[in-house]
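Visitor: Please take a close look at a single part of this model. I should like a connected account of its dimensions, its packing and one residue within it.

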Amino acid sequence: MDPFFLIGALVCAVAALLCIGAALLRQPPNDITILSVAAVELFLLAYTVGAVIRQVTGEPVLGEAWEFWGYLLTALLVPVGAFWWAILERTRWSNFVLAAAGLTVFVMLFRMEQIWDGVAGL
């Protein structure tokens with residue numbers, strides 16, 4: 001497994017747990033939940049830089065490159081959308097949306113790891 005994937009899985013899991021915890025406590029989105037999703041976005045930006053460097057230095061995507069970059073672009077948009085949702089609707093339910101963003105990005109990272117390594121999709 002790629003260290004980038006392991007770090008991403010950890011960041012996504014922490015963000016999702018913090019947001020679910022806040023939602024269960026009936027808290028509206030706050031600095032902790034919003035910043036946890038911002039950490040997911042920050043990780044994705046670092047992941048993008050790492051992926052570009054890996055490709056430029058000769059490590060190819062063994063699966064379909066367009067699929068990998070499509071997943072990555074979409075993953076970059078998910079936390080941004082969840083952030084705007086949380087800002088516009090300041091209820092506890094927005095924390096569930098923030099948590100879903102972390103879980104969604106985790107699943108997308110898992111699939112990107114498969115694509116990079118050339119594992120066939122399900």
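Guide: An axis here is a line fitted to C-alpha atoms, for helices over the stretch in contact, and angles between N-to-C directions run from 0 to 180 degrees. The model is predicted, so local features need pLDDT of at least 70 and side-chain atom pairs count only at pLDDT 80 or more, while totals for chains, interfaces and linings use all residues. Residues are numbered from 1 along each chain as its sequence is written, and side-chain values use heavy atoms, with hydrogens and water left out.

The part chosen is helix α3, residues 65-88; helices are DSSP runs of H or I with at least four residues, numbered from the N terminus. Its 24 residues reach 35 Å from the first C-alpha to the last, close to the 34 Å expected at 1.5 Å a residue (1.5 Å times one less than the number of residues).

The buried residues of α3 (under 20% relative accessible area, 1.4 Å probe, protein chains only) are F68, L72, A75, L76, P79, A82 and A86. These buried residues pack against two helices, α2 and α4 (92-117).

Consider the second of these partners. The axes of α3 and α4 come within 9 Å and cross at roughly 170°. The two helices are therefore roughly antiparallel, the term for angles over 145 degrees. On the α3 side, the contact (heavy atoms within 4.5 Å) is made by E67, F68, Y71, L72, T74, A75, V78, P79, A82, F83, W85 and A86. From α4 come S94, V97, L98, A101, T104, V105, M108, R111, M112, I115 and W116. By class, this contact of α3 with α4 comprises 18 nonpolar, 3 polar and 2 charged residues.

One residue of α3 merits separate attention, namely P79. P79 counts as buried because its relative accessibility is 3%. Leaving aside residues up to four places away in sequence, P79 touches V37, V40, E41, L44, A101 and V105. Of these neighbours, A101 and V105 also appear on the α4 side of the contact between α3 and α4. P79 and L42 lie 37 residues apart in sequence, yet their C-alpha atoms are 9.8 Å apart in space.

To return to the whole helix, α3 has a span close to the expected value, its buried residues pack against α2 and α4, and P79 is one of those buried residues.

How values were computed: Buried < 20%, exposed > 50% of the residue type's maximum accessible area, 1.4 Å probe, protein only. Parallel < 35°, antiparallel > 145°, perpendicular 65-115°, else oblique. Nonpolar A, V, L, I, M, F, W, Y, C, P; charged D, E, K, R; others polar.
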